[in-house]
Amino acid sequence: MTLNDSFLQKFAFINRETLDRINIDPLQTGGLLTEAARQAHMEWGDGYSICDFCAGVLDQIKKPPIHDFVHQALPEFLGCDEARVTNGARESKFAVMHSIGKPGDWLVLDGLAHYSSYVAAERTGMNIKAVAHSGSPEYYLDPEGYGAAIEEVIKESGKPPALALVTYPDGSYGNVPDAGKIASICHEYDVPLLLNGAYAVGRMPVSAKEIGVDFIVGSGHKSMAASGPVGVLGVSEEYAPVVLRKSIHNKVKEVELLGCTARGATVMTLMASFPEVVKRVRNWDQEVENARWFSSRLEDMGFIQRGQKPHSHDLMFFEAPRFYEISQNVKNGRYFLYRELKSRNIHGIKSGLTKYFKLSTFGLGKEKLGTVADAFEDILKKYENV
Ligand SMILES: *Cc1c(COP(=O)(O)O)cnc(C)c1O
């Protein structure tokens, strides 16, 4: 009855109204496809398209060159011994947690960790201890907090946590913690450390070996210009036999990857963008400079940037007392900012937010960032007397 033609038609091709706007949504700035990835998306969109020449192991496929991508390019890019493509950062984290931790074991993570770290640990059956941060306005994460949290776990459970995790940077304030220091502290207790680089890998230079972490995780659709869902996982030689162990039932399939992960357009867009992603990471200093410049323009208008200052990442959190005030005094006020930005062809601040919001300057360049800053100024002026 409901599945008649006219009802079904609503699921057919749908235009994306935000496609041509200037996008400052932190979720989206690093995931815009490159031209090569856009073509790959069309070419490889059919289901299981990469399996034409697969002999049973995804990362051994030579044509297209998944093998060289996974076994040569990714380990060098991530600074790790072994790498795999997964279905996302959370799947990468779950693979590590599920192989390293057992139900009842403890995970220590930073107080700004992403919900997906919590959910992955929960699915594993691990208990969680969060390392406190300093709170507003800086939300600073003291590496020594990891030592204290590990001590607490030892006192309460009789043994060290199975794993520690640090979010680098966190997804709320874009703070880049001292992961090297955290790694040394964890290793004093023989606790392996996972670096959640969902907002780092593909945007900024990051190397598991240089920082000294045992696992590194990235998100293709967040930060590597891929369609996704797709992610990357880097593992050290020491833990590779555990995390990448093979099935007893099928000798070539890796258990934590459920035998096979990204198997079509997702991994092909990840690969197609990779040459440009490698290049854009080299441009990171300019991105940081752009973020700082944008932040100072907004602060000059009376907005307050929370989190690390000066900032070292394109993801930034702002407090906007004037926008909040305006929202209280105009009709349908909660949505005034979204409407005003939309009418200026700018997208990415969540609809309904005015008092606090986050945004990203990644990849926009000075000119577009200038347009966005001018729009903010223009909106303030428009409501000057409200
Ligand atoms: C976006 C995000 C994730 C989730 O990434 P997926 O690839 O979608 O699983 C995990 N951690 C942080 C910090 C994030 O910002």
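Mentor: Before we look at any side chain, take a residue to be buried when its relative accessible area is under 20%, exposed when that area is over 50%, and partly exposed in between (1.4 Å probe, protein chains only). By that rule, Phe336 and Tyr383 are both buried. Please keep in mind that this is a predicted model, in which local features need pLDDT of at least 70 and side-chain atom pairs count only at pLDDT 80 or more, while totals for chains, interfaces and linings use all residues. Residues are numbered from 1 along each chain as its sequence is written, and side-chain values use heavy atoms, with hydrogens and water left out.

Trainee: What makes Phe323 and Phe336 an aromatic pair, and what kind of pair is it?

Mentor: The structure holds 16 aromatic pairs, and in this one the ring centres are 5.8 Å apart with 80 degrees between the planes. Rings of Phe, Tyr and Trp (its six-membered ring) pair if their centres lie within 6.5 Å, and planes under 30 degrees apart count as stacked, over 60 as edge-to-face and the rest as tilted, so this pair is edge-to-face. Phe323 belongs to helix H13 (residues 321-329) and Phe336 to helix H14, 13 residues apart, where helices (H or I, at least four residues) and strands (E, at least two) are DSSP runs numbered from the N terminus.

Trainee: How do you know that Phe323 counts as buried?

Mentor: Phe323 has 0% relative accessibility, and therefore counts as buried. Phe336 is likewise buried, with a relative accessible area of 0%. Phe336 also pairs with Tyr383, and since their centres are 5.1 Å apart and their planes at 75 degrees, that pair is edge-to-face too. Phe336 lies in helix H14 and Tyr383 in the segment after H15, so the pair ties together parts 47 residues apart in sequence.

Trainee: What makes Lys382 and Glu340 a salt bridge?

Mentor: A salt bridge is a side-chain nitrogen of Lys or Arg within 4 Å of a carboxyl oxygen of Asp or Glu, and the N to O distance here is 2.8 Å, so the pair qualifies. It links distant parts of the chain, with Lys382 in helix H15 (residues 365-382) and Glu340 in helix H14 (residues 336-343), 42 residues apart. Lys382 is exposed at a relative accessible area of 53%, whereas Glu340 is buried at 7%. In total the structure holds 20 salt bridges.

Trainee: Why is Cys54 not bonded to Cys51?

Mentor: A disulfide is a pair of cysteine sulfur atoms within 2.5 Å, and the sulfur of Cys54 is 5.7 Å from that of Cys51, the closest cysteine sulfur, which is too far for a bond. Cys186 is in no disulfide either, the nearest cysteine sulfur, that of Cys80, being 19 Å away. The structure holds zero disulfides.

Trainee: Why does the largest nonpolar core lie between domain 1 and domain 2?

Mentor: A nonpolar core is a set of buried Ala, Val, Leu, Ile, Met, Phe, Trp, Tyr and Cys residues joined through side-chain atoms within 4.5 Å, and the largest one here has 56 residues. Its largest share, seven residues, comes from helix H11 (residues 265-281). Domain 1 (5-24 + 283-382) and domain 2 (35-280) both give residues to this core, so it lies between them, the domain bounds coming from an automatic or database domain assignment. Apart from this core lies another, of 29 residues, among them Phe323 and Phe336.
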